[in-house]
Amino acid sequence: MEWLSSREVIKIIEINGKKICLTHSFYLPECENRRYNELTYEQVNEIVWNSIYRDGDDSHAEDIYDKYDYIFVTGHVPVQKIYMFYEGDEDFNRLEMHKHGNLLCIDGGCAMGPGSGVNCGAIFLRLDDFKEFPVPIV
């Protein structure tokens with residue numbers, strides 16, 4: 001687990017003059033560029049589990065992203081779920097990045113696995129131009 005504790009939880013990078021924040025699910029400004037082993041259990045739990053795309057439980061988070069001058073790239077909540085439950089999109093079963101202002105979600109639902117009836121897979125994102133590369137699970 002040494003490799004995990006040495007990794008930064010919330011990584012801020014700059015590409016072509018754009019500030020990009022990479023985080024698992026939620027953003028805590030005090031945790032920027034810090035390592036897992038430097039954070040409290042509560043901070044790690046909030047970063048990993050909280051999301052604006054969760055309702056009715058302790059892991060629902062406020063939509064704070066427009067307060068920051070970053071482009072946020074997150075995962076954790078599958079885009080198909082976001083399209084279906086939060087946007088009411090009848091064409092929810094597609095493997096493409098979800099955009100909400102300056103928040104980009106690239107969780108393609110890999111955890112659902114093949115045979116789930118969901119068009120799931122990985123969504124790779126090239127950060128210099130934000131081109132998407134979806135790779136379906138077959």
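**Nonpolar cores, aromatic pairs and the surroundings of helix 3**

In the largest nonpolar core, which comprises 25 residues, the members that touch the most other members are Ile10, Cys21, Tyr27, Ile47, Tyr65 and Phe72. The model under discussion is a predicted one. Two elements, helix 3 and strand 5 (103-105), each supply at least two residues of this core, and the element that gives the most is helix 3, with three residues. In soluble globular proteins, nonpolar side chains tend to be buried together.

Isoleucine 10 illustrates the surroundings of one such core member. Once its neighbours within four places in sequence are left aside, isoleucine 10 is in contact with Cys21, Leu22, Thr23, Phe26, Tyr27, Leu28, Cys31, Glu32, Asn33, Arg34 and Ile47. Among these partners, Cys21, Tyr27 and Ile47 are themselves listed with isoleucine 10 as core residues that touch the most other members. A second core of seven residues, separate from the largest one, includes Ile20, Leu104, Leu125 and Leu127.

Aromatic rings were considered next. A pair of aromatic rings is described by the distance of the centres and the angle of the planes. The count of aromatic pairs in the model comes to eight. In one of them, tyrosine 27 and tyrosine 70 meet edge-to-face, with 6.0 Å from centre to centre and 80 degrees between the planes. This pair links distant parts of the chain, 43 residues apart, since tyrosine 27 lies in the loop between strand 2 (18-22) and helix 2 (41-49), while tyrosine 70 lies in the loop between helix 2 and strand 3 (71-74). Both tyrosine 27 and tyrosine 70 are buried. Tyrosine 27 also forms an edge-to-face pair with phenylalanine 72, for which the centres are 5.1 Å apart and the planes make an angle of 65 degrees. Here, too, distant parts of the chain are linked, as phenylalanine 72 belongs to strand 3 and is 45 residues apart from tyrosine 27. Tyrosine 27 counts as buried because its relative accessibility is 2%, and phenylalanine 72 counts as buried because its relative accessibility is 0%. Through ring pairs, Phe26, Tyr27, Tyr65, Tyr68, Tyr70 and Phe72 are linked into a cluster; of the residues in this cluster, Tyr27, Tyr65 and Phe72 also appear among the core residues that touch the most other members.

Attention then turned to helix 3 and its surroundings. Methionine 84 is placed in helix 3 (residues 79-86) and, because its relative accessibility is 36%, counts as partly exposed. Apart from neighbours within four places in sequence, methionine 84 is in contact with Asp89 and Phe92. Tyrosine 86 is likewise placed in helix 3, and its relative accessible area of 27% is the reason why tyrosine 86 is classed as partly exposed.

With neighbours within four places in sequence again left aside, tyrosine 86 is in contact with Ile52, Tyr53, Arg54, Asp55 and Lys81. The C-alpha atoms of tyrosine 86 and aspartate 55 are 9.9 Å apart in space, although the two residues are 31 residues apart in sequence. A polar atom of the tyrosine 86 side chain lies 3.2 Å from the backbone nitrogen of arginine 54, and the backbone nitrogen of aspartate 55 lies 3.5 Å from a polar atom of the same side chain. A further arrangement involves a charged group and a ring: the charged end of arginine 94 sits over the ring of tyrosine 83, at 3.8 Å from the ring centre.

Note on methods: Residues numbered from 1 in each chain as written. Predicted model: local features only at pLDDT ≥ 70, side-chain atom pairs only at ≥ 80, totals over all residues. Heavy atoms only, no water. Helix = DSSP H or I, 4+ residues; strand = E, 2+ residues; numbered from the N terminus. Buried < 20%, exposed > 50% of the residue type's maximum accessible area, 1.4 Å probe, protein only. Contact = heavy atoms within 4.5 Å. Polar contact = N/O pair within 3.5 Å; in protein donor to acceptor, adjacent residues only side chain to side chain. Phe/Tyr/Trp six-rings, centres within 6.5 Å; stacked < 30°, edge-to-face > 60°. Lys NZ or Arg CZ within 6 Å of the ring centre and 35° of its normal. Core = buried A, V, L, I, M, F, W, Y, C linked by side-chain atoms within 4.5 Å.
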